[in-house]
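Okay, thanks everyone, I'll keep this short. Let me put the sequence and the structure up, and then I'll walk you through them.

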Amino acid sequence: MKKHLVSAHDLNKDEAVLVLDTAKELALISDRPVKKLPTLRGRTVVNLFFEDSTRTRISFEAASKRLSADVINFSAKGSSVSKGESLKDTAQTLQSMGADAVVIRHGSSGAPHLLATRNWIDAVVINAGDGTHEHPTQALLDAYTIRKHLRNNEGDLNGLKVAIVGDILHSRVARSNAILLKTLGATPIMVAPPTLLPVGIEKWNGEFSYDLDEVLPQVDAVMMLRVQQERMSDAYFPTTREYSRNFGLNAQRLKTMQKHALVLHPGPMNRGMEITAEVADSTNSVVIEQVANGVSVRMAVLYLLLGGSNSETGENN
Amino acid sequence: MSANSRNSARVVLESSDISRALSRIAHEILENNKGSKDLVLLGIPSRGVPLANRIAQKINEFEKVNIPVGSLDITMYRDDLRLRPPRALAHTEIPDEGIDHKIVILVDDVLFSGRTIRAALDALNDIGRPAMVQVAVLIDRGHRELPIRADYVGKNIPTSMSESVQVSLADVDGNQESVIISAGEQ
Amino acid sequence: MSILLQNGSLKGEKNVDILIENDKISKVAPANSLKDDKAEVIDLTGLIILPGLVDLHTHLREPGREDAETVATGSAAAARGGFTAVHAMANTLPVADTAGVVEQVWNLGKSIGLVDVYPVGAVTIGLKGENLAELSAMADSTARVRIFSDDGHCVSDPVLMRRALEYVKAFNGVIAQHAQEPRLTKNAQMNESELSGRLGLTGWPAVAEEAIVARDVLLTEHVQSKLHVCHASTAGTVDILRWAKGKKVNVTAEVTPHHLFLSQIHCESYDAKFKVNPPLRTDDDINELRKALAEGIIDVVATDHAPHPMEDKEGEWSSAAFGMTGLETALSVVATAMIETKLMTWADVARVMSEKPAEIGQLTEHGRPIAENEIANLCIIDPNASWKVDAKDTHSLSTNNPFHDMTLKSKVIHTIFRGKFSMKSGQVQK
């Protein structure tokens with residue numbers, strides 16, 4: 001494996017499957033009386049969050065703690081960062097505190113890449129979401145969830161079709177998922193109004209469509225993305241009602257899907273907007289499970305990046 | 001493996017020897033624990049798991065009882081994690097009965113430094129509280145680095161540090177069963 | 001004090017000797033024919049002589065951002081790059097929107113004396129795009145401003161742009177437009193493309209530039225004024241310029257060395273030294289810009305030298321400043337992009353980096369023929385040099401040079417400014 005996890009591109013197929021397999025074993029820990037492993041004892045994981053994201057932060061925090069790592073939460077709000085401290089200075093501060101891994105969430109695309117490549121810091125860098133770029137651990141937990149239900153928790157996702165629906169343009173979840181699904185042999189289909197698809201989408205790996213109803217019957221899973229409030233005022237679509245009518249997942253649309261098809265959502269959901277409550281709570285929905293799987297997958301990533309020797313991990317053995 | 005080390009390899013146990021050794025271990029376990037009550041066998045992956053299954057099978061042949069068998073992956077408890085690249089995890093499966101108040105017998109192929117068993121004891125500690133823990137191994141090759149000993153040994157084989165002991169089992173390695181000692185690194 | 005330049009290649013066409021006395025060229029004669037015992041004799045065998053380079057687009061940052069650049073350090077960088085005249089953009093603090101500020105910059109340049117510094121006046125007060133600045137006061141000042149630009153900001157209001165184009169006709173001025181439709185480029189970070197989508201950086205569509213260029217060309221034709229298009233960066237802009245020139249609209253355009261040489265692929269590094277306005281575009285755009293420059297559809301090369309202190313460039317892409325330094329590398333980049341590829345000759349380089357920019361800036365002592373009685377502003381180049389750029393090896397106060405570590409062809413060896421060496425054998429003469 002590479003030293004850092006900045007993009008879903010950092011994982012090849014074998015490595016992605018290894019993460020999922022490792023997560024599968026680690027998921028069993030949550031059924032045990034002592035939900036803790038000593039593996040990362042004495043290692044320090046810093047959650048460096050320049051953007052609020054309670055869900056992702058506590059997921060990484062739980063994952064780190066279950067592996068016995070020391071966790072330091074560094075929230076940019078109320079810290080020297082809000083007083084204009086640069087990313088470089090923050091990184092160097094963490095370096096002198098002996099951080100072994102930095103889990104970074106940043107509003108600016110590419111910030112984790114800088115942290116990983118600029119020699120400011122020796123720590124392993126894990127991207128917990130950067131701007132409108134990527135969110136690779138979210139993609140891993142989505143892949144894990146799909147694999148568990150549709151591939152008996154084993155191997156890759158060869159042959160599956162997955163629709164990703166909503167604000168593809170601004171979604172880091174969509175980007176990482178498109179890459180990882182492709183790596184694992186599945187076919188992602190991006191579904192959105194043309195205004196919310198990036199220019200050049202036709203060159204992405206995968207397919208795209210403006211018509212949710214046409215796509216739904218073909219797919220094995222559908223991933224509904226949250227529609228941010230600020231998009232509504234920026235003329236990406238006329239009204240929330242029209243959006244919901246064309247791109248919202250409701251019970252009627254769910255009926256057109258295959259029986260085994262899964263409904264995923266990275267959360268938090270806008271019930272009634274991109275997904276109705278009925279669908280969110282249906283038996284096809286695995287939204288709640290995604291949260292638990294998130295902890296297992298992040299444990300796997302932390303273990304695989306941090307559990308071994310610090311030297312470039314031998315790719316062949 | 002160099003041609004030279006291959007030449008110096010010698011077979012110390014053949015398939016039939018392994019089978020006999022496991023039978024004896026099964027008998028000793030029953031004798032030592034005055035029957036099969038509360039026994040749980042936990043194999044340490046990878047080769048400890050089929051060995052545990054075969055010991056259980058022998059016990060079944062002798063006593064007509066099914067004793068619970070599971071597996072215990074100790075990777076996350078190893079003390080040399082930081083010395084090597086991270087390894088893939090093996091499967092841990094604790095029998096439904098659990099291990100609380102049971103006599104847990106850890107099964108592995110080779111007992112060497114004792115560090116694997118130490119890790120297994122730590123792992124057990126996070127899973128439950130057995131009444132007693134015992135250790136069964138096919139080969140004890142000596143060179144202990146921790147105060148750990150096996151309760152049941154298939155065969156004691158004195159080795160030098162530079163030799164390697166290779167256990168081959170049909171259901172893990174898919175070839176002729178044997179225990180081979182060869183010079184030099186594996 | 002006189003200088004005798006021996007056996008240099010005049011624009012790569014014929015070898016000559018040149019005698020410089022005081023600030024003028026006193027003789028131009030066939031190679032190795034001149035002798036002068038009192039003169040300092042410089043052997044130019046194998047070197048190219050061009051008129052001193054003229055930059056229409058430089059940010060010298062003074063007054064206001066002397067941490068990034070000053071007129072003195074910018075002048076030194078210009079001399080090192082072979083320039084004898086630079087135009088200093090108006091986006092200083094305070095903005096160069098009054099006669100007072102432009103005269104200050106002009107006088108600073110004079111007192112430093114390494115290069116003529118011609119201030120560009122702001123089109124609108126404070127570059128705010130609301131009210132016209134006192135354009136005629138700047139034109140009448142000792143700085144004699146002829147080029148007006150809100151560079152960094154686009155005069156996006158069509159009525160204001162029309163008025164500005166009309167108003168400067170009175171003193172033969174030209175509006176240099178930074179073509180960037182502001183609504184189409186809100187928070188834009190890099191060229192809009194498949195790559196911007198992949199990198200998650202807000203796209204800057206080519207049409208945001210082209211829409212303004214097209215509009216301004218039509219306005220210029222309508223009011224019969226003069227327009228200069230700053231830093232053309234797209235193939236679409238080239239098409240519009242070609243159409244406009246076909247219709248004899250009085251429009252000129254510049255391209256930067258970096259837009260001739262660097263593509264958007266560099267953004268993959270998220271290294272903000274590649275963040276620039278307008279953004280780096282595609283290989284197709286680069287090819288079209290090169291062809292247009294060779295053809296004369298794009299008239300000149302201008303550096304858009306934009307120094308920024310390290311702290312504004314080493315952080316996250318979206319919060320980093322736009323801009324790149326370019327004075328010291330401009331000639332070599334153009335030679336590498338245009339001469340090595342055989343798209344242009346040295347005479348063409350003289351045209352696009354000296355003669356034509358001087359004409360647009362209405363400079364009478366730059367970009368002139370290399371002939372007797374002309375002011376001796378010269379740039380002397382080793383066309384066979386090959387050198388690796390080191391961003392830290394600079395006279396600029398800033399190191400945001402995107403060509404760092406790249407190997408370029410040709411190098412400026414000497415610069416002669418008004419009869420004296422401003423740079424000699426690579427050393428700026430302070």
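I'll go through the overall fold, then the contact between the chains, then a few backbone oddities.

One thing before we start: this is a predicted model.

So, chain A. You can count twelve helices and nine strands in chain A. Its radius of gyration is 19 Å, and the globule rule gives 20 Å for 317 residues, so chain A is as compact as a globular protein of that length. If you'd rather think in terms of a box, the C-alpha atoms of chain A fill one of roughly 55 × 45 × 35 Å along the principal axes.

What about the inside? Of the 317 residues in chain A, 52% are buried. And if you take the contacts in chain A with a separation of 6 or more, 76% of them are between residues 24 or more positions apart.

Now, the contact between chains A and B. How many residues does each chain put in? Chain A gives 20 residues and chain B gives 17 residues. On the chain A side, the elements that supply two or more residues are α1, residues 13-27, and α12, residues 287-306. The largest share there comes from α1(A), with four residues. As for chemistry, that side of chain A splits into eight nonpolar, eight polar and four charged residues.

Okay, backbone oddities. Quick reminder: most residues other than glycine have a negative phi, and most peptide bonds are trans. Here are some exceptions.

Let's do the cis bonds. In chain A, the peptide bond from Gly267(A) to Pro268(A) is cis, with omega near -10°. If you want to find it on the screen, Pro268(A) is in the loop between β9 (262-264) and α11 (277-280) of chain A. Over in chain B, Pro45(B) and Ser46(B) are joined by a cis peptide bond, with omega about 0°. Ser46(B) is in the loop between β2 (39-43) and α3 (48-63) of chain B.

Then the positive phi values. Asn152(A) isn't a glycine, but its phi is positive, about 55°. Look for Asn152(A) in the loop between α5 (136-150) and β5 (161-165) of chain A. Is Asn152(A) buried or exposed? Asn152(A) has 8 C-beta neighbours inside 10 Å, so it counts as exposed.

In chain B, Lys64(B) has a positive phi of about 60°, and again it's not a glycine. Lys64(B) sits in the loop between α3 and β3 (69-71) of chain B. Lys64(B) counts as exposed because it has 8 C-beta neighbours inside 10 Å.

That's my tour, happy to take questions.

Note on methods:
Residues are numbered from 1 along each chain as its sequence is written. Chains are lettered from A and ligands numbered from 1 in the order in which they are written. This is a predicted model: local features need pLDDT of at least 70, side-chain atom pairs count only at pLDDT 80 or more; totals for chains, interfaces and linings use all residues. Two residues are in contact if their C-beta atoms, placed from the backbone, lie within 7 Å. Ala, Val, Leu, Ile, Met, Phe, Trp, Tyr, Cys and Pro count as nonpolar, Asp, Glu, Lys and Arg as charged, and the others, Gly among them, as polar. The radius of gyration is taken over C-alpha atoms; the globule rule is 2.2 Å times the number of residues to the power 0.38. A residue is buried if 20 or more other C-beta atoms lie within 10 Å of its own, exposed if 12 or fewer, and partly exposed in between; C-beta atoms are placed from the backbone.
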